[in-house]
Amino acid sequence: MKIDRSILPSGRIGIAVSGGSDSVALAFLLTKGGKKKNAADRFVILHVDHGLRKESKEEYRFVKALAARLGVKFKGTHAKVEKAPGESLEMAARRVRLEFFEKCMREKKLDAIATGHHMDDVAETMLMKIKRISTSGIKPKSEVGSIKFVRPLLGCRDSELKDYLLKYKEEWREDASNDDTSIERNKVRHVVIPFLKENLDPNLVEHLYRLSLRGN
């Protein structure tokens with residue numbers, strides 16, 4: 001499993017953890033399961049409870065407990081997501097997350113925020129962007145306003161991350177809304193990619209990932 005540590009800044013890093021397998025694996029890999037010597041000073045786990053699902057409060061407690069077990073600081077928020085005119089609920093939730101991350105960048109003096117995006121996310125994004133004639137997937141590093149994001153897991157598959165956690169008997173939380181195929185990314189993930197892998201290219205995800213690197 002290829003983790004790109006070269007994009008990580010040398011200073012303080014926030015780890016965006018939703019509770020899903022990808023972000024939980026990210027937290028374990030960056031802190032080496034809580035055994036990294038300077039983990040307590042270098043990392044802080046960030047979590048947003050959007051309050052949109054009944055499970056969200058339990059997920060907040062799970063991520064907070066995970067941070068304690070890894071020996072790193074925790075910064076969470078119970079947000080209230082309200083849509084602006086013409087804004088989807090998904091985009092409103094993203095806006096709330098970015099506002100929280102921006103606040104954390106300032107208050108915690110973070111040099112970047114690491115997210116759990118992985119190779120499967122890249123492939124999904126590539127397919128979603130085809131209609132906009134784009135060959136740019138998810139970039140290893142990007143900036144949104146004053147927030148700097150790093151994504152060290154882009155060379156990893158979702159299945160690899162789950163296998164990593166299972167190997168060490170670690171848990172994660174599944175977001176039930178990820179099965180809702182009325183949402184574009186979920187439709188690409190659960191319908192489009194499986195169909196194309198079966199009927200066109202078994203290595204579709206890897207090929208889309210390599211194609212995305214040309215656009216970066």
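Helices (H or I, at least four residues) and strands (E, at least two) are DSSP runs, numbered from the N terminus. Valine 205 is found in one such run, helix α8 (residues 204-215). The model is predicted: local features need pLDDT of at least 70, side-chain atom pairs count only at pLDDT 80 or more, and totals for chains, interfaces and linings use all residues. Residues are numbered from 1 along each chain as its sequence is written, and side-chain values use heavy atoms, with hydrogens and water left out.

## Two buried residues

With a relative accessible area of 1%, valine 205 is buried (buried means under 20% relative accessible area, exposed over 50%, partly exposed in between, with a 1.4 Å probe and protein chains only). Not counting residues up to four places away in sequence, valine 205 touches Met119, Asp120, Ala123, Arg157 and Ile193, where contact means heavy atoms within 4.5 Å. Alanine 123 is 82 residues from valine 205 in sequence, yet their C-alpha atoms are 5.3 Å apart in space.

Glutamate 59 lies in helix α3 (residues 56-70) and counts as buried at 6% relative accessibility. Neighbours within four places aside, glutamate 59 is in contact with Ser18, His47, Arg53, Arg173 and Glu174.

## Helix α1 against α6 and α3

The axes of helix α1 (residues 21-31) and helix α6 (residues 158-167) come within 9 Å and cross at roughly 60 degrees. This makes α1 oblique to α6. Angles under 35 degrees count as roughly parallel, over 145 as roughly antiparallel, 65 to 115 as roughly perpendicular and the rest as oblique. Axes are lines fitted to C-alpha atoms, for helices over the stretch in contact, and angles run from 0 to 180 degrees between N-to-C directions.

In this contact, Ser21, Asp22, Val24, Ala25, Phe28 and Leu29 of α1 meet Asp158, Leu161, Lys162, Tyr164 and Leu165 of α6. By class, the contact of α1 with α6 has 7 nonpolar, 1 polar and 3 charged residues. Ala, Val, Leu, Ile, Met, Phe, Trp, Tyr, Cys and Pro count as nonpolar, Asp, Glu, Lys and Arg as charged, and the others, Gly among them, as polar.

For α1 and α3, the axes come within 11 Å and cross at roughly 10 degrees. That makes α1 roughly parallel to α3. Val24, Ala27, Phe28 and Thr31 of α1 make the contact with Phe62, Leu66, Arg69 and Leu70 of α3. These residues divide into 6 nonpolar, 1 polar and 1 charged.

## The two sides of α6

Leu161, Tyr164 and Leu165 are buried in α6. They cover an arc of only 95 degrees around the axis, which puts them on the same side of α6; the arc is that of the directions from the helix axis to the C-beta atoms. What covers the buried residues of α6 includes α1. On the other side of α6, Leu166 and Lys167 are exposed.

## Lysines with positive phi

Most residues other than glycine have a negative phi. The table gives two lysines with a positive value.

| Residue | Phi | Loop | Relative accessible area |
|---|---|---|---|
| Lysine 32 | about 55 degrees | between α1 and α2 (39-42) | 49%, partly exposed |
| Lysine 169 | about 55 degrees | between α6 and α7 (184-199) | 74%, exposed |

Lysine 169 takes this phi just after α6.
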